[in-house]
Amino acid sequence: MSAPSRIPLWPAFRAIAARELLRFVHQRERFLAALVRPLVWLLVFAAGFRAALGLSIIPPYQTYITYETYIVPGLCGMILLFNGMQSSLSLVYDREMGSMRLLLTAPLPRWYLLFSKLCGATFIGILQCYAFLAIAALFGIDHPPLGYVTILPALVLAGLMLGSLGLALSSFIKQLENFAGVMNFVIFPMFFLSSALYPLWKMQESSEILYWICRLNPFTHAVELIRFALHVDFSSWALLWTLVATAVFTVLALWGYDPARGLIRRKS
């Protein structure tokens, strides 16, 4: 049991995170797709929804805002959500190709290997978010200058939460063909049943049940954490629930990748 403690942890972390970054660099279409999705919502759908969705003055906004300004944090959450699922898809692929087994048999703690991959994926998602924010600024959708700094911790935590969700899902999905269906089953309900595209009071006007589903959706709190941070504000409630969801998803991921559990499954 003393062997793993003699192995330097930082080189392993750097190698796993660098592998994620290199994979992303070699897949340029992945970067373009990550930007096209939110830009379509920002530049096309927002034009149609602007008149239909009136926005009142709600925290963290101090005055009336355009609909494009409102959905920017939600679209940052969309980028992190899709990126987390895309990274988890690579885990399923690696497991089918055998490289995942080689990684998990390394003489390092299982949680550290998964955490290293999670950090690498989160870093990529944050880069995509800042690229999206820069493009949005070019189209005149500005935010407080300090907000581009204060949003960073919110993006890190939201990225870790959504990445750990993807890890948990990938541990239970054994075939690459099944992952696409599960992704759609998770991504679209999480995204549309949240405050990413419309404030919750608008949802409450139409359906009290859907309103409470949105309130219980952890993605809603991740989006609100990003929204408040982008406007140099803070929501303790959003922070609390995002931390709780991150802890729950991380525990599920560690349990799913537990070697003893896998052994039991193979015997059965």
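**Note on two helix pairs**

1. α11 and α12 are oblique to each other, because angles from 35 to 65 or 115 to 145 degrees fall outside the parallel, antiparallel and perpendicular classes. The two helices pack at an angle of about 130°. Their axes are 8 Å apart. This is a predicted model.

2. The crossing of α11 and α12 is left-handed. From α11 (residues 218-230), the contact uses P218, H221, A222, E224 and L225. From α12 (residues 236-256), it uses W237, A238, L239, W241, T242, A245 and F249. By class, that gives 9 nonpolar, 2 polar and 1 charged residues.

3. Now look at α11 alone. Its 13 residues reach 19 Å from the first C-alpha to the last. That is close to the 18 Å expected at 1.5 Å a residue.

4. Is α11 buried or exposed? Of its 13 residues, 12 are buried, so α11 is largely enclosed by the rest of the structure. Among the buried residues are F219, V223, I226, F228 and L230. H221, E224 and R227 are buried too.

5. The second pair is α6 (residues 110-138) and α7 (residues 147-172). Their axes come within 8 Å and cross at roughly 135°. α6 and α7 are therefore oblique to each other. Their crossing is right-handed.

6. Which residues of α6 meet α7? They are L114, L118, T122, I126, C129, Y130, L133 and A137. On the α7 side are Y148, I151, L152, L155, V156, G159, L160, G163, S164 and L167. This contact has 14 nonpolar and 4 polar residues, and no charged ones.

Definitions and conventions
Residues numbered from 1 in each chain as written. Predicted model: local features only at pLDDT ≥ 70, side-chain atom pairs only at ≥ 80, totals over all residues. Heavy atoms only, no water. Axes fitted to C-alpha atoms, helices over the stretch in contact; angles between N-to-C directions. Helix = DSSP H or I, 4+ residues; strand = E, 2+ residues; numbered from the N terminus. Left-handed = near helix turned anticlockwise from the far one by under 90°. Contact = heavy atoms within 4.5 Å. Nonpolar A, V, L, I, M, F, W, Y, C, P; charged D, E, K, R; others polar. Expected span 1.5 Å × (residues − 1). Buried < 20%, exposed > 50% of the residue type's maximum accessible area, 1.4 Å probe, protein only.
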